[in-house]
Amino acid sequence: MKCINCGAELENQKCPYCGCVADKPEQNAPVNITFNLTRETNPPAQKKSYRTRKTSSKNKGVAIFLTCLSFIGLGGLNRFYVGKTVSGIIYLLTFGLCWIGTIVDLIMLKNGTFTDSDGKPLLK
Ligand SMILES: [Zn+2]
């Protein structure tokens with residue numbers, strides 16, 4: 001054991017030259033105990049599933065198919081499909097507003113502005 005200040009041999013844990021007291025030997029150092037601090041926290045991925053959906057549960061491809069049925073006389077089925085029942089009935093009785101409404105719906109479906117009854121865009 002040597003003095004940490006001057007490097008001289010210690011006598012009874014004390015330096016005979018500078019008088020400084022040696023630190024405790026390293027084997028008496030406290031054991032580094034690691035505590036398990038991991039709490040039961042929910043991972044962020046689990047919270048995501050509780051988020052409200054931003055898109056409709058309705059499928060865009062199905063809506064386009066139903067819109068095309070208007071050309072064989074079944075107008076407004078796409079509007080029934082997304083929950084727009086009132087305009088669906090009007091479309092059904094008027095052949096999709098003489099196919100003008102059908103064409104408009106097709107364009108809106110194509111560029112993604114066609115929404116369901118909750119105003120949410122359809123699934124691609
Ligand atoms: Zn010393």
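A crossing of two helices is left-handed if the near helix is turned anticlockwise from the far one by less than a right angle, and right-handed if clockwise. I note that down before anything else, as I will want it shortly.

**Entry: getting my bearings.** I am looking at a predicted model. I looked up the elements of the protein chain and found six helices and zero strands. Read from the N terminus, the order is α-α-α-α-α-α. I then checked burial: of the 124 residues, 16% count as buried. Among contacts with a separation of 6 or more, 41% join residues 24 or more positions apart.

**Entry: a pair of helices.** How do helix 2 and helix 6 pack? I found helix 2 at residues 60-68 and helix 6 at residues 100-111, with an angle of about 160° between them and their axes 10 Å apart. Angles over 145 degrees count as roughly antiparallel, and helix 2 and helix 6 are therefore roughly antiparallel to each other. Their crossing is left-handed, in the sense I wrote at the top. On the helix 2 side, I listed Lys60, Ala63, Ile64 and Thr67 as making the contact; on the helix 6 side, Thr102, Asp105, Leu106 and Leu109. Sorted by class, this contact has four nonpolar, two polar and two charged residues.

**Entry: the core.** Which residues form the largest nonpolar core? I found five: Ala63, Leu66, Val82, Phe114 and Leu122. A general reminder to myself: in soluble globular proteins, nonpolar side chains tend to be buried together. I followed Val82 further and, leaving out residues up to four places away in sequence, saw that Val82 touches Ser56, Lys58, Ala63, Asp116, Ser117 and Leu122. Ala63 is a nice one to click on, being listed in the core and also in the contact between helix 2 and helix 6.

**Entry: Phe71.** I found Phe71 in the loop between helix 2 and helix 3, the latter at 77-81. Is Phe71 buried or exposed? Phe71 is partly exposed, because 14 other C-beta atoms lie within 10 Å, a count between the exposed limit of 12 or fewer and the buried limit of 20 or more. Phe71 and Phe95 are 24 residues apart in sequence, yet their C-alpha atoms are 7.8 Å apart in space.

**Entry: two positive phi angles.** Asn12 is not a glycine, but its phi is positive, about 55°. I placed Asn12 in the segment before helix 1 (44-48). Asn12 is exposed, with 7 other C-beta atoms within 10 Å. Trp99, also not a glycine, has a positive phi of about 70°. Trp99 sits in the loop between helix 5 (95-98) and helix 6. With 15 other C-beta atoms within 10 Å, Trp99 is partly exposed.

Conventions. Residues numbered from 1 in each chain as written. Predicted model: local features only at pLDDT ≥ 70, side-chain atom pairs only at ≥ 80, totals over all residues. Helix = DSSP H or I, 4+ residues; strand = E, 2+ residues; numbered from the N terminus. Contact = placed C-beta atoms within 7 Å. Core = buried A, V, L, I, M, F, W, Y, C linked by C-beta atoms within 7 Å. Axes fitted to C-alpha atoms, helices over the stretch in contact; angles between N-to-C directions. Parallel < 35°, antiparallel > 145°, perpendicular 65-115°, else oblique. Nonpolar A, V, L, I, M, F, W, Y, C, P; charged D, E, K, R; others polar.
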